[in-house]
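User: I would like to go through this model and ask, for each label, what grounds it rests on. Please set the values against the definitions as we go.

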Amino acid sequence: MKGKRILVTGAAGFIGSNLVEYLVRDNSVIGVDNLSSGKKENIKEFLTSKNFVFKQMDIKDSESFKREMDGVDIVFHLSANADVRRGFDDSVIDFRENVQATLSVLEAMRSGDVKEIIFSSTSAVYGNAEMIPTPEQYGPLRPISHYGASKLAAEAFIFSFSSNYGFTSSIFRFANVVGRKGTHGAISDFVAKLKRNKDVLDVLGDGTQKKSYIYVDDCVKGIIELHGKEDGLFNLGTKGRTSVREMAEMTVARYSPNARINYVGGPGGAGWVGDIKFGGLDISKALRNGWKYEIESTDAVRKAIVDAGEST
Ligand code: NAD
């Protein structure tokens, strides 16, 4: 991707800031973020680049947001409430930040005549799928979290806007993304807990939870390389899967080898209500379209554990 004018929502977040790092090399990038979970620190290295401009703004503020669409070729829409557990207590946040905010993006694109959107969806749309690895065409889709439900609704609006107004859309259902600048999820949680208490690591669930993890560089390269290909709907993950027990043991081995791991349990052995206990994505469509990932699931986790120690 070269010479484009690109708008990235959620640019100061974990994946957004890693994406900007790739895009600013050869494109002009407008990064938009309200800093609700993102940090300016994540994008500080780009603030002096002639290819990057940062706008602190809530994308639901439709009128100001529309003004940012001037001359934009492609929107990468990554902003969201990405904290699945938060939606249990605050049961409207996912609708507001993931559905309403996506509509705001689509409306702004329509009024600014922007024709391409790339969206970060999630494996959470599959819920507790009976088929693992789960292919893109799996159904019926029955999300078990408000987060998964809101991402599925956002996907649906992206499809309908694409069909009604001639947008090109690409939707990526990510596995668990880990790595540099990561701020949420089990790895940062474990590392932060071990910093507070060197003797015991409390782990949610029974430890048998097993999912696929993808390193953030492989994820970002995937969306850049695959957008616009086939029908635009892709799972992005790795073939391998890693258990929470393995993740906890690797984190303890690195940061506090004598710590005891205490599995505190959870609903049906999962970490929390809405946590998918067993998941894995069929990524053959992405692979057949020329994308390759470099780091397998457990190595991605191992590398992210080191990253988390540097940033937590
Ligand atoms: P993140 O929380 O680090 O990034 C989200 C960013 O969006 C934050 O910087 C936040 O401040 C910003 N934001 C939220 N609401 C906003 C609003 N109304 N206006 C402007 N900015 C707003 O999360 P992340 O892990 O980087 O996730 C990025 C995207 O990838 C999300 O859409 C998430 O659902 C999706 N995703 C992430 C994972 C993962 O494992 N991290 C897995 C699947 C899908």
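Analyst: Contact here means heavy atoms within 4.5 Å. This is a predicted model, and on that definition Lys 229, leaving aside its neighbours within four places in sequence, is in contact with Phe 234 and Asn 289.

User: Where is Lys 229 found, and why is Lys 229 called partly exposed?

Analyst: Lys 229 is found in the loop between α7 (216-226) and β11 (233-236). Buried means under 20% relative accessible area and exposed over 50%; Lys 229 has 32% relative accessibility, and therefore counts as partly exposed. From Lys 229 to Tyr 215, 14 residues apart in sequence, the C-alpha to C-alpha separation is 22 Å.

User: What makes the phi of Glu 230 worth listing, and why is Glu 230 called partly exposed?

Analyst: Phi of Glu 230 is near 40°, which is a positive value in a residue other than glycine. Glu 230 also has its place in the loop between α7 and β11, and its relative accessible area of 45% lies between the two cut-offs, so Glu 230 is partly exposed.

User: Why is Asp 113 called exposed?

Analyst: The cut-off for exposed is over 50%, and Asp 113, at 54% relative accessibility, therefore counts as exposed. Asp 113 is found in the loop between α4 (93-112) and β5, and its phi, near 60°, is again a positive value in a residue other than glycine.

User: How do you know which class Lys 40 belongs to, buried, partly exposed or exposed, and what does Lys 40 touch?

Analyst: The relative accessible area of Lys 40 is 43%, which is neither under 20% nor over 50%, so Lys 40 is partly exposed. Lys 40 lies in the loop between β2 (28-33) and β3 (52-56), where, not counting residues up to four places away in sequence, Lys 40 touches Leu 35, Leu 47 and Phe 54. The C-alpha atoms of Lys 40 and Ile 30, 10 residues apart along the chain, are separated by 14 Å.

User: How do you know that the peptide bonds from Ile 132 to Pro 133 and from Gly 139 to Pro 140 are cis?

Analyst: The omega angle is the evidence in both cases: from Ile 132 to Pro 133 omega is near 0°, and from Gly 139 to Pro 140 omega is near -5°. Pro 133 is found in the loop between β5 (116-122) and α5 (146-165), and the loop between β5 and α5 is also the place of Pro 140.

User: Why is the second largest pocket said to lie between domain 1 and domain 2?

Analyst: Domain 1 (5-177 + 214-236) and domain 2 (178-212 + 240-274 + 294-311) both give residues to the lining of the second largest pocket, so this pocket lies between them. About 200 Å³ of space lies in the second largest pocket, and 12 residues line it, the closest to its centre being Lys 39, Asn 42, Lys 181, Thr 183 and Ser 311. By class, the lining has 1 nonpolar, 6 polar and 5 charged residues. As for the two domains, their centres, taken over C-alpha atoms, are separated by 26 Å, and 24 residues of domain 1 are in contact with 20 residues of domain 2.

User: What span is expected for helix α10, and how far does α10 reach?

Analyst: Helix α10 (residues 297-311) has 15 residues, and its reach of 21 Å from first C-alpha to last is close to the 21 Å expected at 1.5 Å a residue. The buried residues of α10, among them Ala 300, Val 301, Ala 304 and Ile 305, pack against β7 (176-178), α6 (186-196), β9 (210-211), β10 (213-215), β12 (242-243) and α8 (244-255).

Notes: Residues are numbered from 1 along each chain as its sequence is written. This is a predicted model: local features need pLDDT of at least 70, side-chain atom pairs count only at pLDDT 80 or more; totals for chains, interfaces and linings use all residues. Side-chain values use heavy atoms; hydrogens and water are left out. On a 1 Å grid over the protein atoms alone, a cavity is a set of points where a 1.4 Å probe fits but cannot get out, and a pocket is an open set with protein on both sides within 12 Å along at least five of seven lines; lining residues have an atom within 4 Å of a point. Grid points are joined across faces, edges and corners, and a volume is the space filled by probe spheres set on the points. Ala, Val, Leu, Ile, Met, Phe, Trp, Tyr, Cys and Pro count as nonpolar, Asp, Glu, Lys and Arg as charged, and the others, Gly among them, as polar. Domain bounds come from an automatic or database domain assignment. Helices (H or I, at least four residues) and strands (E, at least two) are DSSP runs, numbered from the N terminus. Buried means under 20% relative accessible area, exposed over 50%, partly exposed in between (1.4 Å probe, protein chains only). The expected span of a helix is 1.5 Å times one less than its number of residues.
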